[in-house]
Structures are given as C-alpha cells and as structure tokens.
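Visitor: Please take a close look at one part of this structure, a pair of packed helices, and describe how the two sit against each other.

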Amino acid sequence: MGDSKEAGAESPPAGAAARGGLSLLSQGESEEPSAQGSALFLGGNEVKSRAVVKYSSAPPRTAFARLEEKTDLKLPPANWLRESAKLGPAGTTILGNSKKSKPFSSFGMAYDFIDSVGNDVDVVSDSENIKKLLKIPYSKSHVSMAVHRIGRTLLLDELDIQELFMRSSQTGDWTWLKEFYQRLIDQKWQRKKKSKEHWYQKAILSKFLYYSINGDGAAQPVPSAAEQQGPSSSDQATDSDGASWPAPFEMPSSVSEDPSASSQGLKNDFVRNILWTFEDIHMLVGSNMPIFGGGRYPAVSLRLRDNNKPINVLTGIDYWLDNLICNVPELVMCFHVNGIVQKYEMIKTEEIPNLENSNFSTKVIKDIAQNILSFLKSNCTKEGHTYWLFKASGSDIVKLYDLTTLCEETEDKYQNPFTMPVAILLYKVACNMMMKKNQNKKHYGTIRTLLLNCVKLLDKSRHPQIIASANYMLSELFQLDEPKKEESSESPLNENSDESYSEEEEELADSDENGSYGTGSDPSDDNKAVAIIKSVGELSVPEKYKSIHQIRPSCTFPVCHDTEERCRLVLSYVLEGLKSVDSSIKKESDLPAADPNTPIPLKYEDESTRGGPEGLEKQMALFLDKMGSLQKGNYSSQSGMIPGSWQHKMKLQLILKSSKAYYVLSDAAMSLQKYGRALRYIKLALQSHDTYCCLCTNMLSEVLLFLSQYLTLCGDIQLMLAQNANNRAAHLEEFNYQTKEDQEILHSLHRESPCQGFAWATDLSTDLESQLSVSCKCYEAANEILQFSDLKSQNPEHYVQVLKRMGNIRNEIGVFYMNQAAALQSERVVSKSVSTAEQQLWKKSFSCFEKGIHNFESIDDATNAALLLCNTGRLMRICAQAHCGAGDEFKREFSPEEGLYYNKAVDYYLKALRSLGTRDIHPAVWDSVNWELSTTYFTMATLQQDYAPLSRKAQEQIEKEVSEAMMKSLKHCDVDSVSARQPLCQYRAATIHHRLASMYHSCLRNQVGDEHLRKQHRVLADLHYSKAVKLFQLLKDAPCELLRVQLERVAFAEFQMTSQNSNVGKLKTLSGALDIMVRTKHAFQLIRKELVEEFDQPKSDESAPAADPSPGLSREEVIKLLSIFESRLSFLLLQSIKLLSSTKKKTRSRATTSAWHSRFTHSFVHVTHSAPSYPVLRAYSPVGQASQVSHCKSTRRFPGMGLEALVPSAPV
C-alpha cells in the first residue's frame, strides 16, 4: 500500500505559508517532528496548533485531477466504487470522509495507543465528534455523545439515540434509557428519516472524489443501469457502515475473555490517527479526510460546494478544523451547479476564518474547546462510568447524565453495552502501566484505581479470567519485601483512594464563581443530570468553566502502616482471584475422579510413624522422593484443570503469591515473638507451596529457592517454640486461630491437593525433643533442596545461612542430650556403674556435635566451630564425672576412664583454640575456651591430688602429673586481663599455687635421702606459698583462704626449724614465722569487716530467712582458724623465750618477747570479742565458683598435709 506511516509538523506562520506553502514531513511512527512548536496566527488571534500523525493506512498521495468545466458529476466515473492501487484495498471507504463513526471508535484508538491513554492525552475521539463539540454555540442541531474517563483521559463517542432506540424496539435492550429519554427530554420521540437530498449529496460527493483521482480528468460514463444503482449502492454502503451495537449478553467467550481480541465495533478503522495539540489540549484524533498532494500542491483537501449556497460559519469551522487536525495548509474548493462543475478556488487554511459569510474568531473556538474540556473533566470524575452529554435540537441547554448510575437502578446493571469495552480498556491501560511499574512507583495508585474499577464493572460469572488477572495484578502492586522505611515515605493516605475525587470535591466544583453549570433551582432543570450548561453562549466566555479541581495525573496509593496490613491486602486480592478461577472450572461432579496411579490416603496413622525421630526420618524420605518427582515434572490436580489452560496458569501464580504473603506474615510474627502465629502462617505458606508443586509441570529454580526459605523459617520457629516452652498455652491458641479469609484460601487449595506434604514440619508438638528434631529436619530439607538444583552456587548467602542454622540446631540437640545425661548421672546411686541409657545419650550428643562442627567447618565459620568443640569437651568431662562415682568414697582413686575422658576433653579444647587461631578473631570465645581448658586441667589435677591412684602409680609419678596439670591450668588462666572473669582467674591461680605449695610441703615432710631434691621442694614450696599469698591479698572475699595459707607458711617454717641445730638459725626462722603472723593482720581486718557488716544489718532483715551464704566463710571455720592461730602464736613465742633464755641478754630479750606476746594477745582478744554470735558469717562468692571452691576446700590431701599437722602436741 506504500508508505503507511507519516507525521505532520506544526503549522508554520502565515508568512511562511504564503511564500512557499506547507509541506508534510515524512517520518516513522516512532519519530517526533524536529520542530519544537510554532504559532499559527489566524484572524488576528494567536492559536497554537500542532499535529503529529501517529499512524496512517492511506496510500501514497496522488495529485488531484482538476475537472474541466461543465463536467457532469451526476454521471459515475468508470472507477466508481472499485478498488484502485491509488486508493488501496480499502476501496470505497478510503475517501468517505462523511462516513459515520462507530460507537466504540475511541476505544479502538485507545487500544492501539495504550501508552498515551490515562497519562499524556486529554481526549481520544473521532474528528467528527471534536468538530461537533466545538460548533455547539453556533449550531442548533442536537449533540449526543458518550463520555468515559480513563485516568486523566476522556474518551468521546457518538451516541446515536435513533439507532439505539431502534435496537431497543427490536431486542428490548436499553429500554430504561428509552423510557428515561421520553419522560424527561422528548415525550413524542419518533425516528427521523433522512431526506432524498441527503443521499443525493453523498452520491455526488463520492463521484466527484473518484473523478479527482482518475488522472486524465475526463469523465468516463458507465451504462445507465449503473447510474440507477448508484444511489442505492451508496445507501447500502452507508447502512453497512452505520453504528453497530453489540448485544450485552451475546459477546463470544473468546472475545470476552481475551482482552487483546478485537470485538465487533472496537477496531481502529480510521485512515489516520493524529496526536493533535490545540493550545494546551492534547487530543488523539481519528480522521478519514482524503488528502491529495503532488506537484505544486504537496497537501490539499478537496471540497465540493453548490455555487448557489454560500459557505456558512458551520461549514467554515468544519473545513478549518479538518485542515488543522490533518495539518493541511490549503483547501481546494470545487463549485458546481446542479452537478455541473463551474470553477475551482484555492483557499489557504489561515484564510478560512475570514471568508465572506463564514467569518469566525479562532480565539473563541479556543475558548470553547477549553471550556468544554474543563466542564467534562470537572464532572466526569468516576472511572468506569458512562456519561451522556446531550443537547436537544434547537436547545441552548447542555446536560450531562451518569448512565451507569441510572442503569444500576434497573434490574440488570449489565445492560450498558459500554461496560465491557470500558472494562477491557481499564484492564489494558493497567497492564501497560504494570509493564513499566518498576520504572516509577508513582503510578501504583493509578494502576490500582484502574483495576478496581475494572473489577467493579465486570460480572464475576461472565468474565472470570479478566477478574482473576486483575486481582493478581492488584496483589502484585504491593511489594511484600518492601522495607518499612519506604512505607513511611509514601504520600499521605487518602480516605477516598478508590476514586480520584471525593464527594466534597465535586460539590466545591459546582460554584457560581467558576461557571454556573450546576443543577440550580430552575424548574426546567433536570434533577437526574450530573451537571448542566444553561446556555451554550457561556462556552464562548474565556475561562468560564475553568475547573479548580483538575483530574489528578495519578491516584493516591494506600499506605500500609505495617507488614501485616500489606500482606492482608494481598491475600484479599488473591482470594478473589482464586474464587474467579475456581468458579470457571467445570466439574462433572463434586468429587474428582480418582487417579488409579495414586494411592488413596487412609484416615488412621500408626503412632510410630507420627512422632519421634524415627517417624520424622520416614516422612523426610517421602518428602525427598516427592522433590525428586518434581524434577521430572509430574502433574496431579484433583479439580481436573487442564495443564496450560488460563485457569491453570492463573491459579499457579495466585497460589505462589499467597505462599509469599504468608511467608512474609510469618517472618513478621517471628520478629514480634508471636511464635504460635508465625507457625500458623508458615504452615499456610507451605500448604500453598505444596499445592503449587502438585499443579506445576516444570518447577522453576526460583520457586525451589522459596521453598528452601520457607523451610528455613519453619525451622527457626520450631526452635524458638522449643526455647519458649513456658508460654506454650498462648502459642497454641495463636496457632489454632484462623481467619475466614485463610479458611477460604485453604478451601481453594484443597480443591487441588490434600496439602499434607509438609505436615511433618508444621505440627505444634509439646515434646521438647520432637520440636528440636523437627527444626533440624526442616534445615536438612532446606539444604537438600539447595542440593537438588545446584541452588547453593546461585545463592551462596542463603546456603551459608542454612548451614549455620544446621550447625546451631545440632548444637542445641547435642546440649539437650548432654543435659539429659547429666540429669541421669545426678539421679544415679553413687556406687552404681554407668547405665546404658547414659551411654546412648552420650552417643547422640556426640553425633550432633560432630555434625554441627562439620557444618561450620564447611563454611569456614571458625568461631562457631570452636564453640561446638568446646561443648564436645564439656561432654567428655561429663563422661569423666560419670566414671568417678563407682566404689567406696574412702577407697576411691582416680580411674583410668576418668583420665581418658579428661584427656579427650583437653584435646577438643585445644582443637577449639587452633580453630580460632588467635585471640583477635573473637576475644570472648577465646577467653571462654581458655577458661574451660584451664578448668579441665585443674579438675584433673585436683582429683589426682585428692584421690591419688597409688595402687597403679608411684607417688613421684603422681606428683609429677599433678604438677604438670596444675602448671598447664595456670598457663591458660589469665590473671592480668581486666574482665568480669578476672577475680575468678585470680582465685583459681591462688588456689593452684596454694595446692602446689602444700604438695611440695608434704613431699618435703615425707621425703628422706636426696638432699638436692629436698632443697628443690623447699624452694618450690616457699615460692608457691608466696605467690598464693600475693594473689589472695588481691581478693576481698577470700580472707579465710589467705589466713589458711599464712598458717601453712608458719607450719612450713616450724618444720624447717626442726632441722636446724644452731640457736641463731632457729631464732632467725622464728623471727620469719612471727613476721608472717604479723602479716595476717590484713586477713583479720577483712574478717572483722564482714562480721561488722553482718552485725550492722537492720533487725527487719533478721526476721526474714537468711540466704544461704557461700560455704567459704563460716563461724566454725573462723573459730577453728583463730584457735590454730592462737596456738601457733603461743608456740612461737614460747620457742622464742626458750631460745632467748639461753642467751646472755635475758632481761632485754624477755622484755622484748613479752611486748610481742602482749601485742599479739591484744589483737587476738580484740578480734574474738568483736565478733557477734551469728551462726553463719557472710562472704562474697562470684557466681559459678561453687564447683571450684568445693574443689579447693577438700581436706583430703597427701599424708602429712593440712592444718591438723599444725596443732601443737602439748599445750603451752
């Protein structure tokens, strides 16, 4: 057909046109004219007009043939009503500029240029309708148009009342409108027939246009029979092109369900679609005006006029607007008399307003256009409604009715034939915007309003596909994973977000200051009209109807203040979509046919297959088999949906959306610590996903990733439920609660699947072990899914998180079994051996720790791996403690099993330290492992020291092992770093030095022979006693331990004095011992301070039951130590007196000795008399030190050790 795309530039000024005429730019459809816009000055008034041809199906332009004078146009040319290469295949219709517009012509254009609708364009209509509106103040003829609003765009279509009521008489449709019209507007309505003159003028115009493209300019008459058939053929052609009104109930299913289908009357059959900008009004206009060109006249329009009839204003406006819309610079007028050509006249477009008898102001036309647009935009506010703009013939009053509101008052509100085209257009515009929704979120409100109005217009039973699709798009508007920060940045919530205007806004628009087009108080006004223009003359007044409420370019999107509200909105749309899909599925019976290949599930279940780890293993195996079958694309549906059908595709999308919404709800409830609610939501998410798996024929990797995330969250919830068992009743109540919406969604899911694929993961158990096991299986299933389709390499972050959770839950289960084993051990009789149940628990705990360590090591998580190694070391210590209870307490010895498990514990602690590498990686974990390792060495050395295995080892070997273990414990005990554990470390180090000093002291007492070894023991004992004293002095809560060490040092000095022979050496030793006694003053001060604090407590506290103090400080122990202190002091003074008596300076020495004795006695008496008679003395003991203190206070040591050896053999 030639180049079917052309574009016009804006009309240049009159001077340019006069010099060289106008030329049209030949451009592609997507191209825009290079001119930025120019003004066209017509009639002394400035009018801006710009036209861009968006689409053209016209053949290449041909020069018009100037007919010779006296040519008889009543004779048809040879090519009349025949196809021609110059005319294109359209044949007879391509030149029919007076062809009648179809009632849905604007919808056809809107479908083709969906990008412009709702956003950029103000009006979409046929050029004939535009001209009719702009001629309202000049014309007495009637105006009847249907107006629809889509976003900010108005769609205008001719509403032929005569054709409509003729159809109503035949089919019964539109009866309500006919009755309304007759009652209020024209009580004596009857169809008006067109005159013969009308058909004569149409026939002669058609022949003239065919003559003009003939080329040779000569008439070629045809036989007279053809001439006789001409008018009838033209009549028939006109009738066939008349208005076509589709029946409301006769639309085929293929058309009604496919929005892209071109139904009857919805085609864009204009020759040209032009984007015309008239002043500030943007219009998408359809035109069929023939345009000729070539040679001296690149673009002209041809007009045929009766020379006896002058051109009037209406004809002039018509010609001028046609040329402006099509951007044609010149008009060629052919004058005839009774069909005989007389002459031609060339008129420029800008000269048309100044023609004789056709003079009009272009400025007034501009004001009319702006006023009509403002009037319509101010009153046609509801999307989806059909408005009727009507002016009766000969009347000056223009009325606007809301036909949708009037139709809803009838029995069947779907009698409006515009309902379906409007709904489809709303749907298509929303779809187009949805394709670009990621580019700009400001259109979300507009999309939502379009879709809501689309759904509101359609009958659910007749159009389920569009309703389901619209609801799915509505659910897609809400970003489920949108951060809260973005929510608060949205525009403020509008109470009337479904409509662009509230009722208050509509009332404000009807004010006298902005144009009197309200209903008013005139009795002649119609109370059914939405708005009224009382006089068409008001349209010529500049800005008479300028609206203060312009239609907003985008509607307000509702603000969801929290995640649950957003997800609930999504689920409400999903539910409506599912209802539409389910209602469209035709089933032969309520019960679906049984699949012979699928076993029928029975109602009963074996208890062994339900609870416990064994049952979980079986269910996990079934789940993995099912996942394997999904990879092969197995399909099973109970409702009988056909794979690939629209129902199947739509239900898959809706189910997947519901599962995402429930997952987000569950995650939100989890963050609020509502674990019962979280489990309920994740159960619904997994049930939705299970149904999706049953329907899906090709599982996408993205969907498998969702499933892995769902199972991971389910594992988290089960773990938190296990850790919060004290609030189980509240969690159970939340879990069992269910909304009606959830029940209906679940009912739709059950139509396709039993939804039991993940029942093993979502049950709320009351057993702690079962909950931990379910949590572990959830993580394992999530990991298996990642392995199925190699998702772990595509989603490394999620894979790492799953493995971390697996390691964590295995640590939790291992600790659970370890604590159970410790509880059994505490309940066991001391003399009994280790039970089989304990050993099984050890094995389970060890297996969990081992798997957890492997999980953390596989992702290079050294810190958590170290913690699990530390827990494994603790398990080994529990095993060692379990083997220490056998045998008599008095005959007990440190067993080989204890040593084996303690050494294993040491190995695991050392592995933990190697895993960490250095303290800088994680100081807290490093210090914790170091402390546990120190404790293990200390406990092992203490047990070997207190329960020496003398039956198996020599004493020297035991002493060596104890010394080595103590020194290793000391090595890992950090006494210098300032931390909360520092006092504990100092106490541990002091106790180690004390024990080592006591051991070497004992060895020195019992050893005979090797003098070098004795000397070494003496030095080591003195060294460790000194270090123990220094460390105990740093502590404020260990005065008894400090006093005990000092007294042992005195005993050590006494033992050394027994091996001395000279009096001088003995006096020196005694002087050192007495100096030690003097240094005990610090310990006595601490004891006295504690006693005073006890005595000064209010009497009100005495009535309350006293808390059990730490066993480190008691009245009996203090009295015992004071007794020993007094006896040792008396003994030392007695020995000093004896030694000094043997010297020459007796008097001086006796006086000095007496002074010392008096001072020590006074101190002793002061301390003992200041002590109140409380049965128990308080002492501070840090939390967690009880076990260490109990080890330190053991009185069973090597032979010859302890304070009993310090008691004198004879009274002083």
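Guide: Helices α33 and α34 are roughly antiparallel to each other, because their angle falls in the class over 145 degrees (under 35 counts as roughly parallel, 65 to 115 as roughly perpendicular and the rest as oblique). This is a predicted model, in which local features need pLDDT of at least 70, side-chain atom pairs count only at pLDDT 80 or more, and totals for chains, interfaces and linings use all residues. Residues are numbered from 1 along each chain as its sequence is written, and side-chain values use heavy atoms, with hydrogens and water left out.

Helix α33 covers residues 982–1006 and helix α34 residues 1011–1034; they pack at an angle of about 155 degrees, with their axes 8 Å apart. Axes here are lines fitted to C-alpha atoms, for helices over the stretch in contact, and angles run from 0 to 180 degrees between N-to-C directions. Helices are DSSP runs (H or I, at least four residues), numbered from the N terminus, while strands are runs of E of at least two.

The crossing of α33 and α34 is left-handed, meaning that the near helix is turned anticlockwise from the far one by less than a right angle. The contact between α33 and α34 holds 15 nonpolar, eight polar and three charged residues. Ala, Val, Leu, Ile, Met, Phe, Trp, Tyr, Cys and Pro count as nonpolar, Asp, Glu, Lys and Arg as charged, and the others, Gly among them, as polar.

As for the setting, the protein chain has 41 helices and 14 strands. Of its 1212 residues, 52% are buried (under 20% relative accessible area, with exposed over 50% and partly exposed in between; 1.4 Å probe, protein chains only).
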